[in-house]
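Have the sequence and the structure open side by side. The paragraphs below go through a ligand site and then a packing of two helices.

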Amino acid sequence: MPQQQQKETQQNIRVVSGIRPTGDLHLGNYFGAIQNFLYLQEKHTCFFFIADWHALTTHPRPAELGYATQRTLQLYLACGLDPQKATIYIQSHVPEIAELYLYLNMIAYLGELERCPTFKEKVRLQPDNVNAGLLTYPVLMAADILIHRAQYVPVGKDQLPHLELARDYARRFNHLYETDLFPEPQPYTFQGEPIKVPGLDGSPKMSKTGSSEKGVIFLTDPPEVIRQKVKRAVTDSGPQYPGQPMSEPVQNLFTLLELVSSPETVNYFREQYQSCKIRYAELKHQLAEDIIRLLTPIQERLKELEANPKQLQAIAYEGATRARTSARETLQRVREAIQIGLKGETPPPVPEPLTL
Ligand code: ADP
Ligand code: TRP
């Protein structure tokens, strides 16, 4: 295929993904999600959003939700998501998603939603708040994806059961209404295994909802906090013989080093470990400095964005407008397929997206 044509084909591929605004983003989100978004925005038609409706399922305090939504948007931009290259928006600014969610709820079955592993996990974690939004979380996620008729969805492993349901709903809708409107969205997998960033506390996954704060490096952590956290990272008493296999906490530190440091640095410390000469304090010092080097430009851009709330609003507004144009196109076709409303009607005017 000629190069130009190939480029256009790539550009025609639609990608959707989002993150719930549940707190400051951390290194796990950066390497597991954002870095992939940065790569994809160069090649495809991307829609990246902040899933604030999804966050409501766990009843955040309003002030916390408001703060986290704004913060996540600032961090998306500070990390390099570019509104010129991707459509960046806040889910609740696009009411068309809620309408599609309603239609999809009619073809989503109770049994399959109750069987979803993430629902079962939430029932275990919050037995006093098993709300209907939690049960239909995958339906809303399917609406997020199908509203742009996306083909690819870059997500972590934990989200695959949701994606499976999104594919079921796409298929079911197409079958029931005899249309080929929705492609079946596939998980976007990169070469090799998806990255799992470990915690500094010995836990296998850095997470703002799972592990303790001490094990998590937030993208907003100042240098002295990063140094402290890395210094306190769990290790062991050191290798006793050459070639001794690494304990999990030490392996975790090497995984982090591989993500943020140069191959020479990683090799140097690997050799030191193999020959039992390693000093964990030296490794931690290097790791902390390399994390700081990665985060400094992001934090600088964040400061600029914080100083300019009008710019943030303008970006959110522009993103919502573009997302709604795409969403309305799909919704119009959905309405036609279902034959809901009056034939040939002019859809009622849609209100302006709300600002932050
Ligand atoms: P958390 O586990 O901190 O609550 P989320 O569930 O909000 O994070 O995750 C948002 C995105 O970041 C998802 O795509 C998820 O796969 C990715 N992610 C989160 N933590 C990690 C991690 N430790 N390693 C790799 N990816 C991660
Ligand atoms: N459920 C996802 C998470 O917790 C966030 C999300 C909501 C999402 N809607 C989406 C991800 C649509 C991809 C596509 O990480």
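**The site of ligand 2 and a helix pair**

In this predicted model, a nitrogen atom of ligand 2 lies 2.7 Å from an N or O atom in the side chain of Asp144. A nitrogen atom of the ligand is likewise 2.7 Å from a side-chain N or O atom of Tyr137, and for Gln159 the corresponding distance from a ligand nitrogen to a side-chain N or O atom is 2.9 Å. Taken alone, ligand 2 exposes 370 Å², and 91% of that is buried by the protein.

The surroundings of ligand 2 comprise 13 residues, of which Arg20, His54, Tyr137, Asp144 and Gln159 are the closest. By class, this shell contains 7 nonpolar, 4 polar and 2 charged residues. Two elements, strand 1 (14–19) and helix 9 (137–146), each contribute at least two residues to the shell. Helix 9 provides the largest share, with 4 residues.

The second part of the picture is a helix packing. Two packed helices are described by the angle between their axes and the distance between the axes. Helix 2 covers residues 27–41 and helix 14 covers residues 280–306; their axes come within 12 Å and cross at roughly 75 degrees. Angles of 65 to 115 degrees count as roughly perpendicular, and helix 2 and helix 14 are therefore roughly perpendicular to each other.

Which residues make the contact between them? Helix 2 contributes Leu27, Tyr30 and Phe31, while helix 14 contributes Ile291, Leu294, Leu295 and Ile298. The residues in this contact of helix 2 with helix 14 are 7 nonpolar, with no polar and no charged ones.

Conventions:
Residues numbered from 1 in each chain as written. Chains lettered and ligands numbered in written order. Predicted model: local features only at pLDDT ≥ 70, side-chain atom pairs only at ≥ 80, totals over all residues. Heavy atoms only, no water. Near = heavy atom within 4 Å. Polar contact = N/O pair within 3.5 Å; in protein donor to acceptor, adjacent residues only side chain to side chain. Areas by Shrake-Rupley, 256 points an atom, 1.4 Å probe, with all protein chains shown as cover. Nonpolar A, V, L, I, M, F, W, Y, C, P; charged D, E, K, R; others polar. Axes fitted to C-alpha atoms, helices over the stretch in contact; angles between N-to-C directions. Parallel < 35°, antiparallel > 145°, perpendicular 65-115°, else oblique. Contact = heavy atoms within 4.5 Å.
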